[in-house]
Each structure stands twice: as structure tokens, then as C-alpha cells.
Amino acid sequence: MARDQPVVAIYPGSFDPITKGHEDVARRSLRIADRLVVAVARTSTQAKGSLFSVEERLEMVQEVFQDDDRIEVCQFEGLLVDLAQEIGAQFVIRGLRAVSDFEYEFEMAQMNRELWSEAETVFLTPNQKYSFLSASLVREVSRLGGDVSPFVSEPVLRRLQRPSAE
Ligand code: PNS
């Protein structure tokens with residue numbers, strides 16, 4: 001299909017911190033989008049306090065994707081649909097790991113469409129090996145001294161190993 005405009009997608013999340021599951025979803029999205037904007041939310045709908053500041057989360061995402069110039073990173077506060085319209089994103093990417101994710105994701109997708117009728121959400125499933133992985137589990141395992149190196153990339157691991165991240 002010929003396209004005269006690049007397809008831009010937005011991948012919002014807390015990324016506290018970005019995991020290999022997030023990375024996998026982001027890279028997969030480039031099979032259907034020409035450009036991806038990873039949007040790091042200052043606060044999440046489900047936020048219970050974050051481990052990393054938004055600046056640190058942004059830096060980690062930037063470092064993780066520095067090999068791919070089709071991926072940009074920004075931070076945002078306020079409504080996702082406002083940002084999506086501002087940057088000209090045609091769709092929102094979200095990862096769906098299991099049925100348990102569905103209710104929350106469905107509510108957000110529907111609310112976004114109520115707020116902006118053109119909001120389309122595309123759900124991508126990560127590689128099966130990341131289907132159990134979440135940022136909250138990474139935080140917990142790391143805090144309790146477990147090895148999280150299979151689950152996060154080096155820029156994240158480095159920061160998790162700092163004493164201040166406990
Ligand atoms: O990684 P998370 O915490 O599940 O991401 C949730 C996020 C940041 C995508 C969601 O909380 C969000 O879109 N926040 C922005 C505020 C907003 O637009 N809320 C209304 C849509 S549900």
C-alpha cells in the first residue's frame with residue numbers, strides 16, 4: 001500500500017523502569033509505524049509513587065533506544081490524547097501481556113477515544129519470554145537483591161544497582 005505520509009505512533013507509559021518487554025513492544029511497533037515516540041508519563045493513572053524520577057526514566061529510555069533513530073523519546077504531563085494530536089500520532093501503542101491486562105487497557109483505550117474520537121489504540125503482545133515481566137516486579141526483585149539482568153538493559157541495570165535506587 002502506497003503511503004504519502006509517515007506513520008507515527010505514540011507509546012505511552014510510566015517506564016519505571018523500562019523493561020525488555022517494553023523494548024520488545026517498541027521495536028515491534030516499527031513493523032507498522034515509520035516513527036515511534038515513546039512518551040514517558042510524569043504520573044500514571046495507576047501510580048503509587050515511582051522509583052525513578054521522570055528525568056531518570058526518560059534518560060534510561062533514551063539510552064536504550066539510542067541505536068534506532070526512528071524512535072524518539074519525550075516526557076509528558078496531562079492528557080495523552082493532547083500529546084498524540086500535537087505530535088501527529090495516528091495511533092497509540094500499548095503492550096498486552098495477558099488477559100489480566102485487558103480490563104485496564106480497554107478502559108484507557110475507550111476513554112481516550114471518548115476524549116478524541118480519532119484515537120486508535122493498537123495492542124501488541126511481547127515475545128512470550130517477557131509475558132510475565134512488569135516494571136513493578138523488576139523493582140521488587142531488584143530491591144530484594146535478585147538478579148534482574150535478564151529483564152532490563154544495561155542503562156537500567158546500572159541505575160538499579162546504585163544504592164539510592166533501593
Ligand atoms: O505504564 P502505565 O503506568 O500503565 O501507563 C499508563 C499511562 C501513562 C499510559 C496512562 O496513565 C496515561 O495515559 N496517562 C496520561 C493521562 C491521561 O491521558 N489519562 C486519561 C486516559 S486513560
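These legends describe close-up views of a predicted model. Local features need pLDDT of at least 70 and side-chain atom pairs pLDDT 80 or more, while totals for chains, interfaces and linings use all residues. Residues are numbered from 1 along each chain as its sequence is written, and side-chain values use heavy atoms, leaving out hydrogens and water.

**View A. Helix α1 and its surroundings.** Seven of the 10 residues of α1 (20-29) are buried (under 20% relative accessible area, 1.4 Å probe, protein chains only). They are G21, H22, E23, D24, V25, A26 and S29. These residues pack (heavy atoms within 4.5 Å) against β1, β2, α2, β4, β5 and α5. Helices (H or I, at least four residues) and strands (E, at least two) are DSSP runs, numbered from the N terminus. At the N-terminal end of α1, T19 acts as the cap, with a side-chain oxygen 3.2 Å from the backbone nitrogen of G21.

**View B. The largest nonpolar core.** This core (buried Ala, Val, Leu, Ile, Met, Phe, Trp, Tyr and Cys residues joined through side-chain atoms within 4.5 Å) has 32 residues. I18, L36, V61, F65 and I93 touch the most other members. Helix α2 gives the most to this core, five residues.

**View C. Contacts of F65.** Apart from neighbours within four places in sequence, F65 is in contact with I18, E23, A26, R27, V38 and I71.

**View D. The second core.** A separate core of 15 residues includes V8, C74, F76 and A84.

Notes
Buried means under 20% relative accessible area, exposed over 50%, partly exposed in between (1.4 Å probe, protein chains only). A polar contact is a pair of N or O atoms within 3.5 Å; within protein, one must be able to donate a hydrogen and the other to accept it, and residues adjacent in sequence count only if both atoms are side-chain atoms.
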